[in-house]
Amino acid sequence: MLAVAVFPAALAHANLITNGSFETPDQPTGTWSVYGSIPGWTTTFGPGIEIQDHVTGLAYDGDQFVELDSHSHSGMLQQVAVTAGASYDLSFAYSPRPGVAATSTGIEVWFDGGLLDTIAGSGIGLSDTSWSVLNYSVIPTGNLVNLEFRAVGTSESLGGYIDDVQLNGSTVPVPGAVVLGTLGMSLVGWLRRRQVL
Ligand SMILES: [Ca+2]
Ligand SMILES: [Ca+2]
């Protein structure tokens, strides 16, 4: 019984997202490409997943990140094995593309079939990326959950950037949690510790 008690605690800190930093496939430095799929992620609509490596701004983690307004608006999805009803911390880094207005840098975050958040920061006046880390507390309803990012706003091949996507088991109980049933989503007291706008 001791092993049962200890093992889940160790697992709770493991990031469940595959290739959340978008470091594979290895994109040559100074180049970008649009992919139909990459390890861990598949295209849900649009021309595909753009990976940049030192093209227009530095990554938050490692060398590479994703811009989902690739040739035009696209979406990408990862299915993650989780425990239904357990609490998880979802986080990722977001930056507007330098020089691009907030009307064109929107990113929607969909979790468990529901819209979790919409983010759009202004890149006007930026000479490099300006990353913000966003955090949410989520409770999946099933044992296989969909996490999807979608480009929104003006579709013209310039948009918001994402990097370092993580889903970690939460060890912190959520007091007074209210489960929202809309759109089949269970979302408990999502937290945004830093506003982008
Ligand atoms: Ca990265
Ligand atoms: Ca755009």
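Start by selecting strand 5 (64-67) and strand 12 (160-169): they pair in the antiparallel sense over two bridges. Pairing here takes at least two DSSP bridges between two strands, and strands are DSSP runs of E of at least two residues, helices runs of H or I of at least four, numbered from the N terminus. What you have open is a predicted model, where local features need pLDDT of at least 70, side-chain atom pairs count only at pLDDT 80 or more, and totals for chains, interfaces and linings use all residues. Residues are numbered from 1 along each chain as its sequence is written, while chains are lettered from A and ligands numbered from 1 in the order in which they are written.

Now click on Val 66. Its bridge partner in strand 12 is Ile 162. Add strand 4 (49-53) to the selection: four bridges join strand 4 to strand 5, and the two run antiparallel. There, Ile 51 has Val 66 as its bridge partner in strand 5.

Show side chains on strand 5 next. Which way do they point? Gln 64 and Val 66 go one way, Phe 65 and Glu 67 the other. In a regular strand, side chains alternate between the two faces of the sheet. These four residues of strand 5 are all buried, meaning 20 or more other C-beta atoms lie within 10 Å of a residue's own (12 or fewer is exposed, in between is partly exposed; C-beta atoms are placed from the backbone).

Stay on Val 66 and pull up its contacts (C-beta atoms, placed from the backbone, within 7 Å). Leaving aside neighbours within four places in sequence, they are Phe 22, Ile 49, Glu 50, Ile 51, Tyr 161 and Ile 162.

Zoom out to the largest nonpolar core, a set of buried Ala, Val, Leu, Ile, Met, Phe, Trp, Tyr and Cys residues joined through C-beta atoms within 7 Å. Of its 36 residues, Val 66, Tyr 94, Ile 107 and Ile 162 touch the most other members. Elements giving two or more residues to this core include strand 7 (88-96), strand 8 (106-111) and strand 11 (144-152).

Next stop: Trp 131, in the loop between strand 9 (114-119) and strand 10 (132-138). Buried or exposed? Trp 131 counts as buried, because it has 22 C-beta neighbours inside 10 Å. Not counting residues up to four places away in sequence, Trp 131 touches Tyr 60, Ala 93, Tyr 94 and Ser 95.

Finally, colour the whole chain by element: one helix and 12 strands.

Methods
Contact = placed C-beta atoms within 7 Å.
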